[in-house]
Amino acid sequence: MLDLGPVIGQSRGMTHPTLRRTARSLPIALLRARETVMGPVREMLATSGVNEQKWRVLRVLDEGGALDQSLLAERACLQLPSLTRILRAMEDQGLVTRATDPDDRRRSIVTISAAGEAVLSDHAAEASEIFDRLEAAYGRERMNQLLDLLEDLTRTDKPG
């Protein structure tokens, strides 16, 4: 039997020195930060029948009102085909409604329902507590700086 104990965790050096070390890789750092933020949110939502993608859709609709699916996908950070599948499930749950845009029959307008608003109301206090704890641990000023920097980063490669 091969004993891997001595080699697990040992650095063998980087075979591709042009790649950043994973400890300083932006994509990996963002994923780690995402898990720090979203772990408690997933726990909060675990018994609600709403996952984090549905939560984002509800939040965006609550904030922006009725939206066409393309704009909703963009604001909720979802691919349009994924959003279409998610919306079917949300309609079945009674969380949203969809209607054809009377001005452009190709477009579908999505609206949060009373049941969707109730999900947000049921979890609003706990969600606020989660982010208050995170902000208290990280610092309000640093959190605002981080959000500003991330907004700047998202605009970096956009044309215009």
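Helix H2, which covers residues 52-64, has 13 residues and reaches 18 Å from its first C-alpha to its last, close to the 18 Å expected at 1.5 Å a residue, where the expected span is 1.5 Å times one less than the number of residues. Before I go on, please keep in mind that this is a predicted model, in which local features need pLDDT of at least 70 and side-chain atom pairs count only at pLDDT 80 or more, while totals for chains, interfaces and linings use all residues. Residues are numbered from 1 along each chain as its sequence is written, and side-chain values use heavy atoms, with hydrogens and water left out.

When I say helix or strand, I mean a DSSP run, H or I with at least four residues for a helix and E with at least two for a strand, numbered from the N terminus. In those terms, the protein chain has 6 helices and 3 strands, and along the sequence they follow the pattern α-α-β-α-α-β-β-α-α.

Let me stay with H2 for a moment and look at its two ends. At its start, a side-chain oxygen of Asn51 comes to within 3.1 Å of the backbone nitrogen of Gln53, and after the helix comes Gly65, with a positive phi near 80°.

Which residues of H2 are buried? They are Glu52, Lys54, Trp55, Val57, Leu58, Val60 and Leu61, and here buried means under 20% relative accessible area, exposed means over 50%, and partly exposed lies in between, using a 1.4 Å probe and protein chains only. It may help to recall that an α-helix has 3.6 residues a turn, so residues three or four places apart point the same way. Over the protein chain of 160 residues, 26% count as buried.

That brings me to the largest nonpolar core, a nonpolar core being a set of buried Ala, Val, Leu, Ile, Met, Phe, Trp, Tyr and Cys residues joined through side-chain atoms within 4.5 Å. This core has 27 residues, and those touching the most other members are Trp55, Val57, Leu58 and Leu72. Two or more residues come from each of H1, H2, helix H3 (69-75), helix H4 (80-92), strand E3 (104-112) and helix H5 (114-138), and H2 gives the most, with 5 residues. If we leave out residues up to four places away in sequence, Val57 touches Leu72, Ala76, Leu78, Leu83, Leu87 and Met90, where contact means heavy atoms within 4.5 Å.

Cys77 deserves a careful look, since this residue lies in the loop between H3 and H4 and has a positive phi of about 55° although it is not a glycine. Most residues other than glycine have a negative phi. Is Cys77 buried or exposed? Cys77 counts as exposed, because its relative accessibility is 62%.

Finally, we come to the sheet, in which two strands are said to pair if DSSP finds at least two bridges between them. The 3 strands form an open sheet in the order E1-E3-E2, with antiparallel pairing, and the edge strands, each pairing on one side only, are strand E1 (67-68) and strand E2 (96-101). Between E1 and E3 there are 2 bridges, and Asp68 stands opposite Ile109 in E3. E2 and E3 pair over 6 bridges, with Thr100 opposite Ser108 in E3, and these two strands form a hairpin with 2 residues between them.

Methods: Polar contact = N/O pair within 3.5 Å; in protein donor to acceptor, adjacent residues only side chain to side chain.
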